[in-house]
Amino acid sequence: MNSLHNEKASQWIDDKSNNESTLHSSIVSNDDHQDIKHEITLASGRKGTPFNIMLQPSPPSSPSNTDDNDLYFEITIIELNGHIAIGFATPSEFKPGWSTKGMFYNGNNITNGSAALIVGFGPPQKRGSISNGDVIGVHLKQRKKEGTLSVVFYHNGQCLGTAFHLKSSAEAALSSFRPCLHVDGKAIVAYVAPGLMPTTSSRNVFSTNDLTSFAGEWRIKQCFRGPELGEYKLPSTVKCILSIQNPSTSRGVLPRGGGRGGFRGRPDVRSTAQEGDDSNKYDLSIKVGNMMRATIGTMEQEVDSEGFTKIQIGPIMSTEMMPPPDEYEVENFLSASLPVLQKMIVDENGNLILNGPTCEIICSAYVKEFDALMHYH
């Protein structure tokens, strides 16, 4: 049972950080399932200093006496100009600006309100902050018999997994934690604590249901080369992770120039790739020993009889560190193979296949796992 669902008269309070911050909350709906929805407008008064709000506790209409207690809520982003982090905090640690400490997710990282604790926790398809239309779910679970308290995050229906797994104590009791939002900028959001909660807590950030979607992270599992496409056996000691991202959701930009530890290749690859419509372009990166980067142009109107989409891969850029021999061999293979790839597909088994006249690379969906944090201070 979701204990938050039973709260009928809760109010949002702000951190009193400065007089220019704003908070407005109103109940906008109470549907047939009795899910009360709050619409909240909040804005930080000073750029670079976050504004925090917390849902005040109210007595539940039917207190739970079970050993397993749960708090679950969802935030829908209606309008966001800036950045937002969503999670739980205790009233004793609810303070102005960066001083609030708690357990938060900001669309990419897990934070404690002021410092990143896990980087890259969000879905690889998005690679950025929370944006308009997103729905973020947060599930805090207390298991009294085990003496544990854990927090699981969800992003647009995808379970990101357990970010925190704390030993429950008097200071970390379920009733101590309250929904908390942490905003730098301005946001209009909708809050709801539904009666039904997610049933999974396992990380599942990669969906293969959409066989036309190439974006995501992939692990190279099999390679073929030569006119007859004989198998090139990857060394068992080498893990090759391939990432395909839409430029609008990729993090950062391609470094320019060369030098020790820098990137080698044409310095204007990124600017050329971003001219015109990005809807048919992807950013490609492969991590072996060095990081290799390029762009993939897709001709989505040109699909062959087998369902492959025609592609063109731009010039390859790479960092210039000296990797171990096995990794160096794989990097040489990829440097020679990537430019000749001409088409790709996500097959019925969810594998990404990139194919050319003298090369084929087969990848499986890759889900990076993270160990749950034992504390947030």
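Nine aromatic pairs turn up when the whole structure is searched. The model is predicted, so treat the following as a guide to where the rings sit in it. Two of the pairs are described below, followed by a cluster and two charged side chains over rings.

**Y72 and Y154**
- Y72 and Y154 meet edge-to-face, with 6.1 Å from centre to centre and 85° between the planes.
- This pair links distant parts of the chain, since Y72 belongs to strand β5 (residues 68–89) and Y154 to strand β10 (residues 148–155), 82 residues apart.
- Y72 has a relative accessibility of 3%, so it counts as buried because the cut-off is under 20%.
- Y154 is buried as well, at a relative accessible area of 5%.

**F177 and Y376**
- The ring centres of F177 and Y376 are 6.3 Å apart and the planes stand at 70°, which makes this pair edge-to-face because the angle is over 60 degrees.
- F177 is in the loop between β11 (158–167) and β12 (178–192), while Y376 is in the segment after β23 (359–365), so the pair ties together parts 199 residues apart in sequence.
- Both F177 and Y376 are buried.

**An aromatic cluster**
- One aromatic cluster is made up of W12, F73, F88 and Y191.

**Charges over rings**
- R203 places its charged end over the ring of F121, at 5.1 Å from the ring's centre.
- Over the face of F308 you will find K343, 4.7 Å from the ring centre.

How values were computed:
Residues numbered from 1 in each chain as written. Predicted model: local features only at pLDDT ≥ 70, side-chain atom pairs only at ≥ 80, totals over all residues. Heavy atoms only, no water. Phe/Tyr/Trp six-rings, centres within 6.5 Å; stacked < 30°, edge-to-face > 60°. Helix = DSSP H or I, 4+ residues; strand = E, 2+ residues; numbered from the N terminus. Buried < 20%, exposed > 50% of the residue type's maximum accessible area, 1.4 Å probe, protein only. Lys NZ or Arg CZ within 6 Å of the ring centre and 35° of its normal.
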